[in-house]
Amino acid sequence: MKRTLTYFIALLTLSAVTARAQDPTIPQPSPKQTITEEFGLGKITLTYCRPGVKDRKIFGLTEPYGLVWRTGANNATTIQFTDEATIEGRKVPAGEYGLFSIPGEKEWVFILNKTPKQWGAYSYKEADDLVRFKVPVTKAPAFTETLTLNFTEATNSACTLQLDWENTEVKLHLSTDVDAQVMANIDKLMLGEKKPYYFASIYYYNHDKDIAKALEWISLRDKEQPNSYNVKYWKARIQLKAGDKAGAIATAGEGLKLAQDENSAEYIRLNQEVITRAHAK
């Protein structure tokens, strides 16, 4: 009898294991997506699950107005900042947060909660909120079947986190003081042995800093590397911005010759463009 019972238990266990092994692999109805956006000198990482409309009325019914929502499906949506960010004018420290929201007919509330790892909003606690943002809701330009969160209007120092689902569109505006970080890094590196003349001069040019300083630095880089067509190109651009048309034409001419010798089609074109612009001024 004992042997029979042991055999029966073993048979049931084997049957269960076999059944599990034969279970089909089924795609998730709300697939997970992770988006990483370079932001200033750091990154933003957003992870969420994407439900579909599936012939339902979403906002105001499936997702009621006035109630906290996980901003997705399954696990609560999370957002992680490697550096401090500013969201809708409010400073947010680096870290990972749960991104909850309270949908409304005319206005939404987005919430950064200090407990990112949650299933849904069932364990959500308002006491753990870091900050809340009220933003207007607009009618989306087109119907969106699958919940879509995306970073749009991205620059070096700002971007927009945009939510589109059904006929609804909501945006959060983010920024970071990357200029202060870059300028501090440049100042620090200029005190060292290996000075970043090339990249510092380009940054000064692109961000309307002291053009005389940019010209000084690119000229020093040109002395260090006199046969570089890309250095000649940037020196010519900086000279032109500083008002030295004749110098820009001469320097771009040197860069053009070097590029032709190296058969660099890109820098042949770029140096020619500087010469053309200088003659047009």
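## Residue L67 and its surroundings

L67 lies in the loop that runs between β2 (42-49) and β3 (78-81) of this predicted model. Its relative accessible area is 49%, and because the partly exposed class extends from 20% to 50%, L67 counts as partly exposed.

When the neighbours within four places in sequence are set aside, the residues in contact with L67 are S101, I102 and P103. T251, by contrast, is 184 residues from L67 in sequence, and the C-alpha atoms of L67 and T251 are separated by 64 Å in space.

## Overall form of the chain

The protein chain contains 7 helices and 9 strands. Its radius of gyration is 29 Å, whereas a compact globule of 281 residues would have a value near 19 Å. Along the principal axes, the C-alpha atoms of the protein chain fill a box of roughly 100 × 55 × 40 Å.

## Burial, contacts and surface

Of the 281 residues in the protein chain, 42% are buried. If one considers the contacts between residues at least 6 apart in sequence, 53% of them join residues that are at least 24 apart.

The accessible surface of the protein chain amounts to about 16,300 Å², and carbon and sulfur atoms account for 53% of that surface. As for charge, the protein chain carries 36 positive and 34 negative charges, and the mean positions of these two sets are 4 Å apart.

Key
Residues are numbered from 1 along each chain as its sequence is written. This is a predicted model: local features need pLDDT of at least 70, side-chain atom pairs count only at pLDDT 80 or more; totals for chains, interfaces and linings use all residues. Side-chain values use heavy atoms; hydrogens and water are left out. Helices (H or I, at least four residues) and strands (E, at least two) are DSSP runs, numbered from the N terminus. The radius of gyration is taken over C-alpha atoms; the globule rule is 2.2 Å times the number of residues to the power 0.38. Buried means under 20% relative accessible area, exposed over 50%, partly exposed in between (1.4 Å probe, protein chains only). Contact means heavy atoms within 4.5 Å. Accessible areas come from the Shrake-Rupley method with a 1.4 Å probe; for residues, only the protein chains shown count as cover. Lys and Arg count as positive and Asp and Glu as negative; His and the chain ends are not counted. The place of a charge is taken as NZ of Lys, CZ of Arg, CG of Asp or CD of Glu.
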